[in-house]
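Please look over the structure shown here together with the report that accompanies it. The report moves from the chain as a whole to its individual contacts.

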Amino acid sequence: MSNGIANEPQQENSHNHSVVERIRIADIYREQYAHFRSMNDILYKIPPLFTVALGGLWYFAASQLKTDRVVAAGIFFFCVILSIAFINIMGRFGRAFNGYLDNLNKFDGEYRVTLKPSGWPSTVKTIQLLLCVSAIVSIIGAGHAIRMQPLQSTPVGASVDQATKP
C-alpha cells in the first residue's frame with residue numbers, strides 16, 4: 001500500500017479517495033511541530049554530551065602527561081577529531097532544525113514567532129564556535145604533550161639527593 005510519499009503512485013481506497021487527499025495540511029503541521037519540539041529538546045541536551053565526552057578525554061590525557069606522553073598526545077589528537085565530527089553533527093542538525101522552522105513559519109504566516117534575521121549567532125552556531133575552540137585547545141594540548149621533556153628517573157637504590165648531583 002502506498003503512503004503517498006516520495007513519488008509513490010497514488011492508490012485508491014475503498015471510498016475512492018486517494019491517500020494524498022486524506023492527508024490534511026493540519027496533520028502535516030502537527031507532525032512537523034512535534035518533530036520541531038523534539039529537536040528543540042535534543043538541541044539543549046547535545047552540548048552536555050559533547051562536554052562530558054571531551055572533558056573526560058581531556059582529564060584522562062592530562063593525567064597521562066607525566067606517565068605516557070604518547071598516549072596523552074594521541075588522546076588530545078582524538079579530541080580534535082571528535083570536535084570536528086561534533087561540528088559536522090551540529091551543522092547537519094542545524095540545517096534540519098531550520099528546515100522545520102522555515103516550514104512552520106510558512107504555516108503560521110503573520111503569526112509566526114521567530115528570531116530570524118538576528119545579529120546574534122544561533123544556538124547551533126554558538127555550539128559550533130565552542131567546538132572550534134575545543135579543537136584548538138586539543139591541538140595545544142597535543143603539542144604540549146609532544147614537547148614535554150621526559151621525566152628523569154631515579155636509579156633504583158639511589159636517594160633523591162644522589163640522583164640530582166652531577
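The sections below treat the overall make-up, a helix pair, the salt bridges, a surface patch and some single residues.

## Overall make-up

The model discussed here is a predicted one. Its protein chain contains 6 helices and 0 strands, and read from the N terminus the order of elements is α-α-α-α-α-α.

Of the 166 residues in the protein chain, 25% are buried. The accessible surface amounts to about 12200 Å², and carbon and sulfur atoms contribute 63% of that area. Among contacts in the chain with a separation of 6 or more, 67% are made by residues that lie 24 or more positions apart.

## The pairing of α2 and α4

Helix α2 covers residues 25–43, and helix α4 covers residues 69–108. The axes of these two helices come within 10 Å and cross at roughly 145°, and the crossing of α2 and α4 is left-handed.

On the α2 side, the residues that meet α4 include the aromatic residues Y29, Y33 and F36, together with I25, I28, M39, I42 and L43. The α4 side of this contact includes M90, F93, F97, Y100, L101, L104 and F107. Polar residues also take part, among them Q32, H35 and N40 from α2 and N103 and D108 from α4.

I42 illustrates one part of this pairing: this residue lies in helix α2, and its C-alpha atom is separated by 9.8 Å from that of F93, although the two residues are 51 positions apart along the chain. I42 counts as partly exposed because its relative accessible area is 37%, a value between the limits of 20% and 50% that mark off buried and exposed residues.

## Salt bridges

How many salt bridges does the structure hold? There are 3 in total. In general, side chains of opposite charge can pair when their charged atoms come close.

One of these bridges joins D41 and K45, whose closest N and O atoms are 3.0 Å apart. Both partners are partly exposed, D41 with a relative accessibility of 40% and K45 with one of 48%. Elsewhere, R24, D27 and R30 are joined into one network by salt bridges that share partners.

Within that network, the side chains of R24 and D27 meet at an N to O distance of 3.8 Å, while those of D27 and R30 meet at 2.6 Å, again from N to O. D27 and R30 both belong to helix α2, and they are separated by about one helical turn because they stand 3 residues apart in that helix. D27 counts as partly exposed, since its relative accessibility is 29%, and R30 is likewise partly exposed, with a relative accessible area of 46%.

## A nonpolar surface patch

A nonpolar patch on the surface is formed by I23, I25, I28 and F107, which together have about 340 Å² of accessible area. I25 has its place in helix α2, and I25 counts as exposed because its relative accessibility is 56%, which is over the 50% limit. Three members of the patch, namely I25 and I28 from α2 and F107 from α4, also appear among the residues through which those two helices meet.

## Buried polar residues and a loop position

Is Q128 buried or exposed? This residue, which lies in helix α5 (residues 123–147), is buried, with a relative accessible area of 12%, and so falls under the 20% limit. When neighbours within four places in sequence are left aside, the contacts of Q128 are with I87, M90 and G91. M90 is also one of the α4 residues that meet α2.

N105, placed in helix α4, counts as buried because its relative accessibility is 12%. With neighbours within four places in sequence again left aside, N105 is in contact with R112, V113 and T114.

S122 is found in the loop between α4 and α5, and S122 is partly exposed, having a relative accessible area of 38%. Although S122 and G94 are 28 residues apart along the chain, their C-alpha atoms are separated by 9.2 Å.

Notes:
Residues are numbered from 1 along each chain as its sequence is written. This is a predicted model: local features need pLDDT of at least 70, side-chain atom pairs count only at pLDDT 80 or more; totals for chains, interfaces and linings use all residues. Side-chain values use heavy atoms; hydrogens and water are left out. Patches are made of residues with over 30% relative accessible area and no salt bridge: like charges are joined within 9 Å, nonpolar side chains (Val, Leu, Ile, Met, Phe, Trp, Tyr) within 5 Å. Accessible areas come from the Shrake-Rupley method with a 1.4 Å probe; for residues, only the protein chains shown count as cover. A salt bridge is a side-chain nitrogen of Lys or Arg within 4 Å of a carboxyl oxygen of Asp or Glu. Helices (H or I, at least four residues) and strands (E, at least two) are DSSP runs, numbered from the N terminus. Buried means under 20% relative accessible area, exposed over 50%, partly exposed in between (1.4 Å probe, protein chains only). Contact means heavy atoms within 4.5 Å. Axes are lines fitted to C-alpha atoms, for helices over the stretch in contact, and angles run from 0 to 180 degrees between N-to-C directions. A crossing is left-handed if the near helix is turned anticlockwise from the far one by less than a right angle, and right-handed if clockwise.
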